[in-house]
Amino acid sequence: MADDLSEVLYQPEEIEARVKELAAQIDSDYAGKNVLMVGILNGAVMMMADLTRAMHEHCQMDWMAISSYGSGVASSGVVRILKDMNAPVEGRHVLVVEDIVDTGLTLSYLLDNLRSRNPASIEICAAFRKPEAVRAQNVQVKYLGFDIPSDFVVGYGLDYDGRYRNLRGLGILDPKVYSG
Ligand code: PRP
């Protein structure tokens with residue numbers, strides 16, 4: 001897989017170190033609150049596994065699977081819930097865990113949906129964020145791993161055509177892979 005990258009942006013050790021810092025922050029902010037961590041499948045699996053295992057406080061894990069409406073050419077941000085959480089949200093401190101915030105449209109929609117279920121609080125944790133989401137300012141990422149460039153990146157949960165999610169670092173996919 002590493003041969004298909006044009007550039008490595010973050011080595012596994014750099015991601016691990018940053019995730020540990022985020023875990024310490026989350027431990028401190030949610031001490032005694034049994035935070036309900038909600039991972040958005042599939043990409044968030046790696047971040048969720050590393051983040052929760054770096055924590056020392058109790059937490060609960062749950063998952064949602066969503067699919068974007070439309071052709072996929074331009075994201076509307078409107079999503080269809082394919083798999084909902086098992087745990088009730090009402091009165092809980094919820095932390096949504098994502099691999100990447102790209103345009104921010106998915107999370108903006110999802111947060112509205114989750115807020116309507118009356119959580120005690122709701123925040124976002126994401127491994128990576130692209131400039132588009134910073135410009136759009138439609139979601140506030142309280143716990144962020146790294147701001148990254150807008151290139152096509154893979155690894156640490158992020159895929160191209162279902163592959164590269166298990167790459168431990170994060171890199172820019174060489175255009176030769178998708179331009180044929
Ligand atoms: C990715 C990512 C977010 C969303 C972000 O999921 O995990 O859910 O896109 O994009 P946005 O900020 O522009 O809305 P994707 O649909 O690729 O599914 P996956 O996690 O299964 O790869």
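A polar contact is a pair of N or O atoms within 3.5 Å; within protein, one atom must be able to donate a hydrogen and the other to accept it, and residues adjacent in sequence count only if both atoms are side-chain atoms. This is a predicted model, in which local features need pLDDT of at least 70, side-chain atom pairs count only at pLDDT 80 or more, and totals for chains, interfaces and linings use all residues. Residues are numbered from 1 along each chain as its sequence is written, and side-chain values use heavy atoms, with hydrogens and water left out.

**The ligand site**

Polar contacts to the ligand come first. Each row below pairs an oxygen atom of the ligand with a protein partner.

| Residue | Protein partner | Distance to a ligand oxygen |
|---|---|---|
| T103 | N or O atom in the side chain | 2.5 Å |
| G104 | polar backbone atom | 2.7 Å |
| T106 | N or O atom in the side chain | 2.4 Å |

Taken alone, the ligand exposes 500 Å², and the protein buries 74% of that. Such areas come from the Shrake-Rupley method with a 1.4 Å probe; for residues, only the protein chains shown count as cover. Two elements, β5 (93–101) and α3 (105–115), give two or more residues to the shell around the ligand. Helices (H or I, at least four residues) and strands (E, at least two) are DSSP runs, numbered from the N terminus. The largest share of the shell, four residues, comes from β5.

In total, 14 residues surround the ligand. A residue belongs here if one of its heavy atoms lies within 4 Å of the molecule. The closest are E98, D99, T103, G104 and T106. By type, the shell divides into four nonpolar, five polar and five charged residues. Here Ala, Val, Leu, Ile, Met, Phe, Trp, Tyr, Cys and Pro count as nonpolar, Asp, Glu, Lys and Arg as charged, and the others, Gly among them, as polar.

**The nonpolar cores**

In soluble globular proteins, nonpolar side chains tend to be buried together. A nonpolar core is a set of buried Ala, Val, Leu, Ile, Met, Phe, Trp, Tyr and Cys residues joined through side-chain atoms within 4.5 Å. Buried means under 20% relative accessible area, exposed over 50%, and partly exposed in between, using a 1.4 Å probe and protein chains only.

The largest core has 29 residues. Among them, M47, L51, F128 and L170 touch the most other members. Elements that each supply at least two residues include β1 (5–10), α1 (12–29), β2 (35–41) and α2 (45–53). Strands β6 (121–129), β7 (143–147) and β9 (170–173) also do so. Helix α1 gives the largest share, five residues. A second, separate core of 23 residues includes I40, L107, L114 and V141.

What does M47 touch, not counting residues up to four places away in sequence? Its partners are V19, L22, V97, E98, C125, A126, A127 and Y156. Contact means heavy atoms within 4.5 Å.

**Two residues in detail**

S108 lies in helix α3. It is partly exposed, with a relative accessible area of 23%. Leaving aside neighbours within four places in sequence, S108 is in contact with N138 and V139. S108 and N138 are 30 residues apart along the chain, and their C-alpha atoms are separated by 6.3 Å.

D174 is found in the loop between β9 and α5 (175–178). Is D174 buried or exposed? At 19% relative accessibility, D174 counts as buried. With neighbours within four places in sequence left aside, D174 is in contact with D4, L5 and S6. The C-alpha atoms of D174 and M46 are separated by 22 Å, and the two residues are 128 apart along the chain.

**Backbone details**

A cis peptide bond joins L41 and N42, with omega about 0°. N42 lies in the loop between β2 and α2.

The loop between β8 (153–154) and β9 holds D161. Y164 also lies in the loop between β8 and β9. Phi of D161 is near 55°, a positive value in a residue other than glycine. Phi of Y164 is near 80°, again positive in a residue other than glycine. D161 is exposed, with a relative accessible area of 62%. Y164 is buried, at 3%.
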